[in-house]
Amino acid sequence: MSSQKESTVRTLTVALLVCLVCSIFVAGAAVALRPTQEENRLLDKQRSILAIAGLGQPGMSGNQIKSLFDERIVARLVDLETGRFSDEFDAQTFDPLVAAKDPALSKALPGNQDIASIKRRERYSTVYIVEGQDGDIDTLILPVRGYGLWSTLYGFMAVQGDLDTVAGFGFYQHGETPGLGGEIDNPKWRGLWPGKELFDDSNKLAVQIVKGNVDPQSPRAQHQVDGLAGATLTTNGVNNLLHFWLGENGFGTFIANLRTGEA
């Protein structure tokens with residue numbers, strides 16, 4: 001073997017060994033860090049739920065968030081088919097997003113029903129409840145998701161104990177354009193939601209994001225929220241996902257059952 005060929009083989013061998021060692025290192029790091037990543041994701045979710053419910057303070061430590069969450073928030077599993085609470089799975093560990101990918105625990109949505117563009121909807125979902133002193137629901141927190149312009153938006157809608165008045169609304173994960181669709185994170189826009197009413201006097205879903213600004217003189221003003229300037233598709237996506245998750249294919253039946261004490 002010539003010296004040139006021998007040099008090439010050595011170079012390729014060294015490169016292969018370096019790649020192999022790096023691959024082992026990266027894979028090992030990923031496995032070792034997985035529990036920490038899962039814990040951080042759970043912590044972010046708990047922080048978002050507390051914020052939407054109007055609980056907690058900015059700058060709370062991880063331990064403070066966990067403690068407050070365990071003290072004030074009750075997780076319950078809901079069967080979306082029947083609209084009733086369920087004990088089929090542990091609400092603390094059940095992941096609706098994972099279930100949505102499992103044909104045994106979800107259903108494919110036909111186009112005329114899939115207004116949120118999620119393709120599949122899980123049968124069971126987890127809701128979060130802040131209980132009042134008498135054990136009744138003080139705040140009901142519902143997970144919602146749907147497609148905007150560039151991404152799926154994941155968030156929570158908090159509803160007061162009357163199951164009609166919005167207590168808070170926001171997203172914890174999305175990939176919308178900063179300054180446009182990303183304005184769903186703007187505290188000013190999020191601040192427009194508390195106090196709005198989801199249903200009309202006949203309990204028909206009435207909440208709506210309008211183009212431009214809400215006319216305060218309109219008889220529907222209590223159901224309407226200003227749209228996002230320059231972000232029509234994101235605005236439409238938010239409107240659609242709310243109508244899906246608050247409608248009959250989402251939590252609509254569950255909310256109706258809660259009103260009559262049949263959940």
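Trainee: What makes Asp44 and Arg47 about one turn of the helix apart?

Mentor: In this predicted model, both sit in helix H1 (residues 3-52), three residues apart, and that is about one turn of the helix.

Trainee: Why is the contact of Asp44 and Arg47 called a salt bridge?

Mentor: Look at the distance: their side chains meet at 2.7 Å, N to O. The cut-off is within 4 Å, from a side-chain nitrogen of Lys or Arg to a carboxyl oxygen of Asp or Glu, so this pair qualifies.

Trainee: Is Asp44 buried or exposed, and how do you know?

Mentor: Asp44 has a relative accessible area of 41%. Buried needs under 20% and exposed needs over 50%, so Asp44 is called partly exposed. Arg47, at 36%, is partly exposed too.

Trainee: What about Glu81 and Lys107, why are they called a salt bridge?

Mentor: Their N to O distance is 3.9 Å, and the limit is within 4 Å, so they count. This pair links distant parts of the chain: Glu81 is in the loop between strand S1 (73-79) and strand S2 (84-86), while Lys107 is in strand S3 (residues 106-108), 26 residues apart.

Trainee: How do you know that S6 and S7 pair?

Mentor: Pairing takes at least two bridges. Strand S6 (residues 137-147) and S7 have nine, in the antiparallel sense, so they pair. One of the bridges puts Tyr147 opposite Thr152 in S7.

Trainee: And what makes strand S7 mostly covered?

Mentor: Seven of the nine residues in S7 (residues 152-160) are buried. Each of those has under 20% relative accessible area, because that is what buried means.

Notes. Residues are numbered from 1 along each chain as its sequence is written. This is a predicted model: local features need pLDDT of at least 70, side-chain atom pairs count only at pLDDT 80 or more; totals for chains, interfaces and linings use all residues. Side-chain values use heavy atoms; hydrogens and water are left out. Buried means under 20% relative accessible area, exposed over 50%, partly exposed in between (1.4 Å probe, protein chains only). Helices (H or I, at least four residues) and strands (E, at least two) are DSSP runs, numbered from the N terminus.
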